[in-house]
Amino acid sequence: MIDLTEFLSIQTGLLSQVPREHARYLKAKLDWDARLMGIVGARGTGKTTLLLQQLAEDAATGKEELYLTADHIRVQADGLYEIGAHFFRLGGKRIVIDEIHKYPNWHQELKNLHDSFPSAKIVFSGSSTLALQRGKADLSRRVVFHTLSGLSFREYLSFSAGVEFQPVSLAHLLQNHVELAGKILQQGPILGHFKDYLDFGVYPFFLEGTAAYVPKLLNVIEKVLYEDIPSAIGIKMANIPVLKKLLWLLSTSQPFTPNIEKMSRELKISKEYIYSYLDALERAGLIAGVLPAETGYRLVRKPSKIYMDNSNLLRAVAGDLGMRDQIGAVRETFFAHQVRSAGLHIAVPSHGDFIVENEFLFEIGGKLKKKKQIREARNAYVVRDNIEVGFDRDIPLWLFGFLY
């Protein structure tokens, strides 16, 4: 007989401590009545808090739900299917499983629970699309997956300063950026907050204090390199320093234009391993490749540029290696991260820095940035750092942090 007492006791303790003041953007978008739903995202983005916040709301209405952490010793010993089946037979309505990728054969046991209990609901989370790759294929007709990105600049302002704004669409931003900036600036100066966000605003654990933010972020990177990626792609522990060296190479050469043959020679591994490692780093949420926009190149494996996933990762790694800050790379990394996290398509054009939704061309720079590269292009914009309000087709960089 499965004893749920310990699990329910742990759940009660967690729900009593979960913060209620702020919720990630994804929470309101999810269909919490879905039969089988997965939430994926990089380590540290707030998946556990999101799940517990929803459970706390449901507990207030008397819903019968059970929260589990997949790597708990009792879950490993009793079995995920057995625990879930016992809970549902007792009348439970929903089971919430955190860090599902740490449980062996999780996809098969979730499939069995889903098929055996037609009225039951299951929600689970995992720390990267890399770890959940196989399960996504096995459960493709049953599960709905959602990705939780790092905090947008808009969310950071809500969490850190208590200033609430609604996200805006790209089209609305481009047409009304002067008015939007003016309304936001009514709440106070913005550039100081933006500078802080670039350093320590992407991951919610900045709320625990900024002094320890970079060490915590470097610890996240270490766990991804030494735990998540090896368990997902079977890399030998002896080869992890090569993977780490690759990440450090990318972070100190931002934006990185990949030369696979050169990388293969420098790291003394085959090109196939280079491709495999780059794919693993991207799926783990550490880097982001941006493909070329030219016709005929969409399906090419090699991206045109490779960025760190966000500015916090870039600054943390470069600082840890004693590198000077690359402000141009930080600006491009921020822009790409916010646009990509908003679900928009981004690519590298032949002229300019980025093209978004195959229509809008952007050149990224400081407040003195010239327009010469995109002067003749239609739907072209200059995105400037260190300005509060733009004019015409000159738009403040920080404003793109309000897309989600």
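How do the residues of the lining of the second largest pocket divide into nonpolar, polar and charged? There are 8 nonpolar, 9 polar and 9 charged residues in that lining. Keep in mind as you look around that this is a predicted model.

Let's stay with the second largest pocket for a moment. Its volume comes to about 730 Å³, and 26 residues line the space. If you want to find the middle of the second largest pocket, go to Gly-44, Gly-46, Thr-49, Phe-205 and Glu-208, the lining residues that lie nearest its centre. Two elements, α2 (47-59) and α10 (213-233), give two or more residues each to this lining. Of the contributions, α2 makes the largest, with 5 residues.

Now move over to the largest pocket. Here you have about 1,000 Å³ of space and a lining of 39 residues. Nearest the centre of the largest pocket are Glu-282, Arg-283, Ile-287, Ala-288 and Arg-340. Four elements put two or more residues into this lining: the helices α13 (271-283) and α15 (327-341), along with the strands β6 (287-290) and β8 (346-347). The top contributor is α13, which supplies 5 residues. By class, the lining of the largest pocket holds 18 nonpolar, 14 polar and 7 charged residues.

Since α13 has come up, let's follow that helix to its packing partners. One of them is α12 (residues 260-267), whose axis sits 9 Å from that of α13, at an angle of about 100°. Angles from 65 to 115 degrees count as roughly perpendicular, so α12 and α13 are roughly perpendicular. On the α12 side, the contact uses Ile-260, Glu-261, Met-263, Ser-264 and Leu-267, while α13 brings Lys-271, Ile-274, Tyr-275 and Leu-278. Sort the residues of the α12 and α13 contact by class and you get 6 nonpolar, 1 polar and 2 charged.

Another helix that meets α13 is α11 (residues 240-251); the two axes come within 11 Å and cross at roughly 70°. That crossing makes α11 and α13 roughly perpendicular as well. Look for Val-242, Leu-243, Leu-246, Leu-247 and Leu-250 of α11, which meet Tyr-277, Leu-278 and Leu-281 of α13. What classes of residue make up the contact of α11 with α13? This contact has 8 nonpolar residues, with no polar and no charged ones. Notice Leu-278 too: this α13 residue takes part in the contact with α12 and also meets α11.

For another kind of helix packing, turn to α4 (residues 80-89) and α5 (residues 106-116). Their axes come within 9 Å and cross at roughly 20°. Angles under 35 degrees count as roughly parallel, so that is how α4 and α5 lie relative to each other. The crossing of these two helices is right-handed. From α4, the contact draws on Leu-80, Tyr-81, Glu-82, Gly-84, Ala-85 and Phe-88, and from α5 on Glu-109, Leu-110, Asn-112, Leu-113 and Ser-116. The residues of the α4 and α5 contact split into 6 nonpolar, 3 polar and 2 charged.

How values were computed
Residues are numbered from 1 along each chain as its sequence is written. This is a predicted model: local features need pLDDT of at least 70, side-chain atom pairs count only at pLDDT 80 or more; totals for chains, interfaces and linings use all residues. Side-chain values use heavy atoms; hydrogens and water are left out. On a 1 Å grid over the protein atoms alone, a cavity is a set of points where a 1.4 Å probe fits but cannot get out, and a pocket is an open set with protein on both sides within 12 Å along at least five of seven lines; lining residues have an atom within 4 Å of a point. Grid points are joined across faces, edges and corners, and a volume is the space filled by probe spheres set on the points. Ala, Val, Leu, Ile, Met, Phe, Trp, Tyr, Cys and Pro count as nonpolar, Asp, Glu, Lys and Arg as charged, and the others, Gly among them, as polar. Axes are lines fitted to C-alpha atoms, for helices over the stretch in contact, and angles run from 0 to 180 degrees between N-to-C directions. Angles under 35 degrees count as roughly parallel, over 145 as roughly antiparallel, 65 to 115 as roughly perpendicular and the rest as oblique. A crossing is left-handed if the near helix is turned anticlockwise from the far one by less than a right angle, and right-handed if clockwise. Contact means heavy atoms within 4.5 Å.
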